Amino acid sequence: AIMRLKLKETHPPPADTPKITALGALRDYPKAVKEGISVWRHVPKSAFNLFLAVIIVNGLIVSCQTYFVVYATSVLKVTLDQWAVVMAFRYLSIAIPGIIAGLSMDVFGRKRFLILGYLLLVPGMLLFINADFNMLLLSFFFFGLGNLLQLNSYMVLMGDLVPRNMRATATGCLQFFMFIMQAILLVIVGFLYSFVMPQLPFLLLALTALPLAVFVFWRVHEPKEKEE
């Protein structure tokens with residue numbers, strides 16, 4: 001927080017902007033939600049399509065992550081020490097590929113890496129379902145890299161598509177509906193895991209990632225001129 005005091009606004013508010021109070025923010029909340037929804041009428045259609053893909057895939061990812069350690073220790077019989085190694089490997093193994101991908105996005109475009117991120121979730125989840133310790137390392141390399149690519153790609157691509165003066169509103173709306181989607185999917189995934197089949201949530205993520213990759217390929221287009 002102290003370090004962020006050095007940040008400078010690239011789009012500062014007008015000088016006559018009134019101060020926001022807690023009561024005023026609560027009173028304006030419905031208006032803010034309405035403005036957040038209406039912002040998608042003023043941005044490219046690709047931005048709205050990206051919004052749809054993002055809230056679905058991230059809702060599933062967050063829901064499945066809740067049960068990773070439960071499934072690994074209770075079904076796959078992985079020890080907690082082994083699980084700690086898997087999680088450390090997950091983040092260490094994607095550090096270098098993540099940097100390379102970040103540099104390459106400016107050359108080859110964000111959309112390709114977004115699609116690749118979705119596709120990597122598929123082998124990650126399919127391997128996880130019946131993995132032993134060694135297979136878990138490979139599984140979470142795919143999952144970790146796929147999640148990293150899709151997160152970085154969608155944030156940068158959304159910035160390219162949405163004008164700067166609407167970016168905060170669009171981001172706030174995206175986060176609002178993402179959290180709602182996560183809450184709904186957490187209930188659904190919890191029910192599927194407990195009462196249907198524990199493997200089903202991870203299969204659902206893998207099966208959903210494929211059509212979402214196709215959806216992004218056909219319905220999301222990078223702008224010829226990126227927003228500043």
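These are my notes on one asparagine and on the salt bridges of this structure, which is a predicted model.

**Entry 1: asparagine 49**

I began with asparagine 49 and found its place in helix α3, which covers residues 45-74. Its relative accessibility is 4%, and since buried means under 20%, I entered asparagine 49 as buried. I then looked up what its side chain reaches, and noted the backbone oxygen of arginine 219 at 2.9 Å. Leaving aside residues up to four places away in sequence, I listed Phe215, Arg219 and Val220 as the residues that asparagine 49 touches, so that Arg219 appears in my notes both as a contact and as the residue whose backbone oxygen is reached by the asparagine side chain.

**Entry 2: salt bridges**

Next I turned to charged pairs, and the count came to 2 salt bridges. In one of them the side chains of aspartate 106 and arginine 110 meet, with 2.9 Å from N to O. In the other, aspartate 160 meets arginine 110 at 2.5 Å, again N to O. I placed aspartate 160 in helix α7 (residues 133-161) and arginine 110 in helix α6 (residues 110-129), so this pair ties together parts that are 50 residues apart in sequence.

**Entry 3: burial within the network**

Which residues are linked in a network of salt bridges? I wrote down Asp106, Arg110 and Asp160, and then looked up the accessibility of each. Arginine 110 is buried, with a relative accessible area of 7%, and aspartate 160 is likewise buried, at 7%. Aspartate 106, by contrast, is exposed, with a relative accessible area of 60%.

Technical notes: Residues are numbered from 1 along each chain as its sequence is written. This is a predicted model: local features need pLDDT of at least 70, side-chain atom pairs count only at pLDDT 80 or more; totals for chains, interfaces and linings use all residues. Side-chain values use heavy atoms; hydrogens and water are left out. Helices (H or I, at least four residues) and strands (E, at least two) are DSSP runs, numbered from the N terminus. Buried means under 20% relative accessible area, exposed over 50%, partly exposed in between (1.4 Å probe, protein chains only). A polar contact is a pair of N or O atoms within 3.5 Å; within protein, one must be able to donate a hydrogen and the other to accept it, and residues adjacent in sequence count only if both atoms are side-chain atoms. Contact means heavy atoms within 4.5 Å. A salt bridge is a side-chain nitrogen of Lys or Arg within 4 Å of a carboxyl oxygen of Asp or Glu.
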